[in-house]
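Dear colleague,

Please find the structure below, followed by a short account of what was found in it.

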Amino acid sequence: TVLAKLYIELLSLPKDGNDAFKLLNFRTPTGSQGNIGDFAMIAYCVLKERCFNKGQLTIQQVNDLLDSVSNNNAAKRKDLVKKSLLQLITQSSALEQKWLIRMIIKDLKLGVSQQTLFSIFHPDAAELHSVTTDLEKVCRQLHNPSVSLSDASITLFSAFKPMLASIASVRQIEKQMNNQTFYIETKLDGERMQMHKDGDVYKYFSRNGYDYTLQFGASPLEGSLTPFIHQAFKDIQNCILDGEMMAYNPTTQTFM
């Protein structure tokens, strides 16, 4: 919906017009049943009469603009997001934008899973991506299928995919713990986040590898979190913390 509103604004579409309605209600069944829920395809239909038949951007320029959209969206710089999207709209064909939108919303609708593509590319690709979330690194290190990955290790300032909790019965847990004493803690539900620290340098990543450092602070002098927790790590040079990011109300002493 956010992307739909941006397109309506950047294309100067009448808010009560048919095309604006299609973009905002792309999940609503219409005459073209095959496009239900496919925002990229709906956008293509709206754009094809408004765009060049052939795009004017190089792959490098497209990559730079997509990076700009991602970084400025994370920094909540809506004005700069609009600027980059406007450049993509005015210099890309409707067909190119259809696939760019699918890249932005991470839904390519190819009919194959990420795991399938990784297994075709290299037997160790999925493992390396799970500890780095860096597709470029996967392609560079594993471009030769005959070379195996000797050590897929978690490294500082490189986002990794954390292990997620799973539901299990107490009986199963008792069996796995060989009926010995074990402890259970309440699971607090927030945003899964990892913090990487080396000296006065900090980085924050979500479970999917999105960089939230701009919001929380790259150093003790900036951000909404780092200045308040830095002293807690005064005796620790470097570390990686993986857990739930939650809001806390000091007045009521409760998590929100």
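The protein is split into domain 1 (1-105), domain 2 (111-153) and domain 3 (155-255), with bounds taken from an automatic or database domain assignment. Between the centres of domain 1 and domain 2, taken over C-alpha atoms, lie 30 Å.

This is a predicted model, in which local features need pLDDT of at least 70, side-chain atom pairs count only at pLDDT 80 or more, and totals for chains, interfaces and linings use all residues. Residues are numbered from 1 along each chain as its sequence is written, and side-chain values use heavy atoms, with hydrogens and water left out.

The largest nonpolar core (buried Ala, Val, Leu, Ile, Met, Phe, Trp, Tyr and Cys residues joined through side-chain atoms within 4.5 Å; buried means under 20% relative accessible area, with a 1.4 Å probe and protein chains only) has 30 residues. Tyr 7, Leu 23, Phe 39, Leu 47, Leu 85, Leu 88 and Ile 101 touch the most other members. At least two core residues come from each of H1 (2-10), H2 (18-24), H3 (39-47), H4 (59-74), H5 (78-91) and H6 (94-104); helices are DSSP runs (H or I, at least four residues), numbered from the N terminus. Leaving aside residues up to four places away in sequence, Leu 47 touches Tyr 7, Leu 11, Ala 94 and Gln 97 (contact means heavy atoms within 4.5 Å). A second, separate core of 8 residues includes Met 195, Tyr 202, Phe 216 and Ile 229.

Elsewhere, Gln 114, Gln 115, Phe 118 and Phe 121 in H7 meet Ala 125, Ala 126 and His 129 in H8.

Yours sincerely

Conventions
Buried < 20%, exposed > 50% of the residue type's maximum accessible area, 1.4 Å probe, protein only.
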